[in-house]
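Visitor: I am new to this structure. Please show me one part up close: how are the strands put together, and what sits around them?

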Amino acid sequence: MKKIILDTDLGSDCDDAGAIALMHRLAELGETEILAVTHCTSEIGGAITVKAINEYYGRADLPVGQYSEKPFLDNEICKRFTKHIMENYLENHKMPKIENATKLMRKVLAQNSDVTLIAIGFLNNYAELLRSQPDEISPLTGIELIKKHVKELYAMGGNFIDLTNAEYNVKMDIESAKYVSENFPLPITYIGYELGETIRTGESLKTASENNPVKKIYSLRQADRLRESWDPITLYCAIRDSNTLFKKSEKCKITFNDNGCVVINGRGKDCYLIANTTDEEVREELEKYMV
Ligand SMILES: [Ca+2]
């Protein structure tokens with residue numbers, strides 16, 4: 001069973017919520033153990049919305065962390081649905097204390113081994129983890145902690161079909177994407193923009209309970225309550241890494257240029273996923289786990 005830490009930018013888009021629902025469902029089935037969820041913007045509603053979803057799925061005590069090094073994407077666009085979910089949550093909860101994401105990751109890694117890291121937002125939190133220095137939690141640096149306690153990283157990011165086009169998660173923080181791609185000491189599997197672009201999911205949420213915050217998020221974000229599936233695909237493939245819906249590219253070295261575009265360069269430890277079946281089959285499979 002894979003132990004995972006999920007890092008999300010929930011708020012920029014709603015497919016993070018679909019991915020978090022899918023993660024909880026696969027945990028219920030005994031396929032993964034969720035160690036922590038961290039949020040990579042400084043918008044507090046994003047982290048509180050993660051807490052609200054975790055509580056709905058029976059994991060109110062799951063540790064949640066947030067990026068807090070400097071203000072980052074704390075804007076109205078990112079509050080389109082988190083504002084509503086947070087206000088609703090605070091009607092019957094006190095304002096929870098949200099931990100610093102880097103500290104939380106260091107604490108969780110120090111206590112676990114063979115952890116799979118997952119990114120469905122920008123790579124700033126993992127860049128901070130890589131740069132972290134020995135502290136009261138561990139005498140190891142971030143890189144040493146990763147080498148000792150982590151297995152791999154799955155990251156939604158990059159466009160692997162059009163190498164002249166920067167994908168959103170990379171474009172919004174090119175410096176962190178470059179830093180992680182160049183310094184992460186273990187294999188990175190990338191889920192490119194092209195994989196989620198043509199697969200719209202959320203249909204199964206339409207029949208969910210009205211109390212389901214993920215259903216509410218899709219209805220607030222999308223008129224037809226469907227959204228492209230970049231993040232659910234990432235969670236699905238990180239947890240079920242031997243699935244037949246996608247296959248891995250040859251091992252190669254993947255980095256990003258100064259414009260945020262993918263650069264594939266000879267031999268290396270990384271790979272990107274390639275579609276291995278029809279969009280319809282992927283859509284049907286994802287929908288099974290989004291409620
Ligand atoms: Ca995302």
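**The sheet and its surroundings**

Guide: Strand β2 (residues 32–39) is joined to strand β3 (residues 64–66) by 3 bridges, and the two run parallel. Look for H39; its opposite number in β3 is Q66. Numbering starts from 1 along each chain, as its sequence is written. This is a predicted model: local features need pLDDT of at least 70, side-chain atom pairs count only at pLDDT 80 or more, totals for chains, interfaces and linings use all residues, and side-chain values use heavy atoms, with hydrogens and water left out.

Two terms come up throughout. Strands (E, at least two residues) and helices (H or I, at least four) are DSSP runs numbered from the N terminus. Strands pair if DSSP finds at least two bridges between them.

Now step back. β2 and β3 belong to an open sheet of 9 strands. Read across it, and the order is β4-β3-β2-β1-β5-β6-β7-β13-β10. The pairing is mixed. β4 (99–100) and β10 (246–248) are the edge strands, and each of them pairs on one side only.

Move to the β10 end. β7 pairs with β13 over 2 bridges, in the parallel sense. Here Y190 has Y272 in β13 as its bridge partner. β13 also pairs with β10; those two strands run antiparallel, with 3 bridges between them. There, F246 has A275 in β13 as its bridge partner. So much for the pairing.

Stay with Y190 for a moment. Y190 also helps to line the largest cavity. G121, F122, L123, A155, M156, G157, N169, V170 and F256 complete that lining. Two elements give two or more residues to this lining: β6 (150–156) and α7 (168–171). A cavity is a set of points on a 1 Å grid over the protein atoms alone, where a 1.4 Å probe fits but cannot get out; a pocket is an open set with protein on both sides within 12 Å along at least five of seven lines, and lining residues have an atom within 4 Å of a point.

Next come the pockets. The largest pocket has 14 lining residues. Nearest its centre lie A52, N88, Y89, N211 and P213. Three helices each give two or more residues to that lining: α2 (44–56), α3 (82–90) and α10 (213–221). Of these, α3 gives the most, with 4 residues.

In the second largest pocket, 15 residues form the lining, and D13, E167, Y168, N169 and W230 are the closest to its centre. N169 is familiar by now, as one of the residues lining the largest cavity. α1 (15–28), α7 and α11 (230–239) each give two or more residues to the lining of this second pocket.

End with the metal. A calcium ion is coordinated by D9 (OD), D16 (OD), D16 (OD), I120 (O) and D231 (OD), at 2.2 to 2.5 Å. D16 is listed with OD twice, while I120 uses O. Along the chain, the donors follow the spacing D-x6-D-x103-I-x110-D. D9 sits in the loop between β1 and α1, and D231 sits in helix α11, so this pair ties together parts that are 222 residues apart in sequence. Donors are N, O and S atoms within 2.8 Å of the metal (3.2 Å for Na, K and Ca); water is not among the atoms, so sites may look incomplete.
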